[in-house]
Amino acid sequence: MESNPALSPADVWAEMRLHMEWSAGFSLCVLFAPSDAATQALAQWADDAWAWRTAPMTRVNPSQPEGAAQAVLQSLHAHHQRWGAVRAPVWVSLLAQDPAEPPPRWDAERASLLALLNESREWLLREFASPLVLNLPTPWAGRVAALAPDLWHVRAYTAEVAMASPSTPASVPAGDHPRVLTPSTETQALTLDRLRQAVQSARQRTMDADASHHNAALREWVLALWALSEHGLEQMLLPEAHAAAVDSVALMRQLRVALGEGPQVLRDLSVSLE
C-alpha cells in the first residue's frame, strides 16, 4: 500500500460510501485504523445508512482470537445464505487489542483470515454481491498485498483512518444531514418514510412466509422496491433510488429462477431492469 496521510472518519465516509452504494456486485473496502474507537463513527454511519434499506448491515467483531478467522468466514456465508443477491454490506472488524491476549495470537488470526478470503476470491466475486468492509490495524497496511494478493487486486477502496477526535459526532457528517423541512418537503418526507416502511414490511413477510407463499411475498417485496426507487428518482435521491432498483432486479432474477420464464415473470423482470 502506498504511504498516504491518514484521513478523518468523515473524509473516509464521504469516499467509501460511494463504493458501497454504487457498486453492482462485490465491493471490498479495506480500512487501516489504530483502534476500534477510530472507526466507531464510520460503523455507525454505515449502520444508519442501511437501516431503512432492503436489508441491514451485518457487523462481525470477534472478541477472542481463537477461531476468529473461521468465525468471520462462516458469518459471510450465513449472510449470503440469508440475503442472497440483496446488497446488504458486512462490516468486519479485526482491531481487537485485548491486553490479556498476546498480540501474536490476533496477528495469526488476521493472517489466517486474509488467506481464507484470498482463497475465496472467486466465490466472493461470483456470488457475494455485497460490500465487504474489512478493518485491520494500521501496521497491517504493508502486509495485506503480500498475504492476499488476489484479494488485494480486486479491492474497491483503501484508506488509513486517523484517530477520531473527542468531538467527532456519531451522527451523519456534514453534507449528509436532511434538509430543513418546508410544508412541501415535509409531505415528501412522509411519503418516503411510508415507502421505506413498506419495503421493510414486505421484506419481513418474505422472511416469515412458508414455501407456498414465499414467491408471492417476494413479488410484493419487488413491487415495494419499485415504488421506492421511482419516488427516490423523482426526488433526486439517487443513491437510494439506485439501491432499491438494484435490489429489485436481484429479487426478480430469483423469481425468474423459481417460476420460470412465464409472461408475467419476464414482464416484471423487464420493468425492474428498465
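Which residues line the largest cavity? Hi everyone, let me start with that one. The answer is E21, W50, R53, R87, A243, V246 and D247. Before I go on, please keep in mind that this is a predicted model.

A little more on that cavity. The structure holds two cavities of 30 Å³ or more, and the largest has about 50 Å³ of space in it. If you sort its lining by class, you get three nonpolar residues, four charged ones and no polar ones. Helix α10 is the biggest contributor to this lining, giving three residues.

Now the overall picture. The protein has eleven helices and five strands. Of its 274 residues, 44% are buried. And if you take the contacts with a separation of 6 or more, 79% of them join residues 24 or more positions apart.

Let me go back to one of the lining residues, R87. R87 sits in the loop between α3 and β3, the strand at 90–93. Is R87 buried or exposed? With a relative accessibility of 7%, R87 counts as buried, since the cut-off for buried is under 20%. Setting aside neighbours within four places in sequence, R87 is in contact with M20, E21, S23, A24, G25, W50, A129, S130, P131, V246 and D247. Look at that list next to the cavity lining: E21, W50, V246 and D247 appear among the contacts of R87, and they also appear among the lining residues.

In the same loop between α3 and β3 we find A88. A88 comes out at 0% relative accessibility, so A88 is buried too. Not counting residues up to four places away in sequence, A88 touches W50, A55, P56, H79, S130 and P131. For S130 there is also a distance: the C-alpha atoms of A88 and S130 are 5.6 Å apart, although 42 residues separate them along the chain.

That brings me to A55, which has turned up as a contact of A88. Where is A55? A55 is in the loop between α2, residues 36–50, and β2, residues 58–60. A55 has a relative accessible area of 1%, so A55 is buried. Beyond four places in sequence, A55 touches W50, W83, V86, A88 and R203. Two C-alpha distances help to place A55. To R87, 32 residues away along the chain, the separation is 7.5 Å. To Q204, 149 residues away along the chain, the separation is 9.8 Å.

W83 and H79, which we just met as contacts of A55 and A88 respectively, both take us to helix α3. How does the length of α3 check out? At 1.5 Å a residue, the 16 residues of α3, 68–83, should span 22 Å, and the end C-alpha atoms are 23 Å apart, which agrees. The buried residues of α3 are A68, A69, V72, L73, L76, H79, H80 and W83. Viewed down the helix axis, these buried residues fall within an arc of 145 degrees, so they line one face of α3. On the other side of α3, Q74, Q81 and R82 are exposed. Just after the helix, G84 takes a positive phi of about 60 degrees.

There is a positive phi after helix α9 as well. First the helix: with 24 residues at 1.5 Å each, α9 should span 34 Å, and its end C-alpha atoms are 36 Å apart, which agrees. Buried residues in α9 include A217, L218, W221, V222 and W226. Just after α9 comes M236, with a positive phi of about 60 degrees. This time the residue with the positive value is one other than glycine. M236 lies in the loop between α9, 211–234, and α10, 238–259. With a relative accessible area of 59%, M236 is exposed.

One last stop, for another arginine. R110 is in helix α4, residues 103–119. At 5% relative accessibility, R110 counts as buried. Leaving out neighbours within four places in sequence, R110 is in contact with L94, L95, A96, L136, P137 and W140.

So, to return to the opening question: the lining of the largest cavity includes R87, and R87 is buried at 7% relative accessibility. Thanks for listening, and I'm happy to go through any part of the model with you.

Definitions and conventions
Residues numbered from 1 in each chain as written. Predicted model: local features only at pLDDT ≥ 70, side-chain atom pairs only at ≥ 80, totals over all residues. Heavy atoms only, no water. Helix = DSSP H or I, 4+ residues; strand = E, 2+ residues; numbered from the N terminus. Expected span 1.5 Å × (residues − 1). Buried < 20%, exposed > 50% of the residue type's maximum accessible area, 1.4 Å probe, protein only. Arc of directions from axis to C-beta. 1 Å grid on protein atoms, 1.4 Å probe; cavity = no way out; pocket = protein on both sides within 12 Å on 5 of 7 lines; lining within 4 Å. Points joined across faces, edges and corners; volume = space filled by probe spheres on them. Nonpolar A, V, L, I, M, F, W, Y, C, P; charged D, E, K, R; others polar. Contact = heavy atoms within 4.5 Å.
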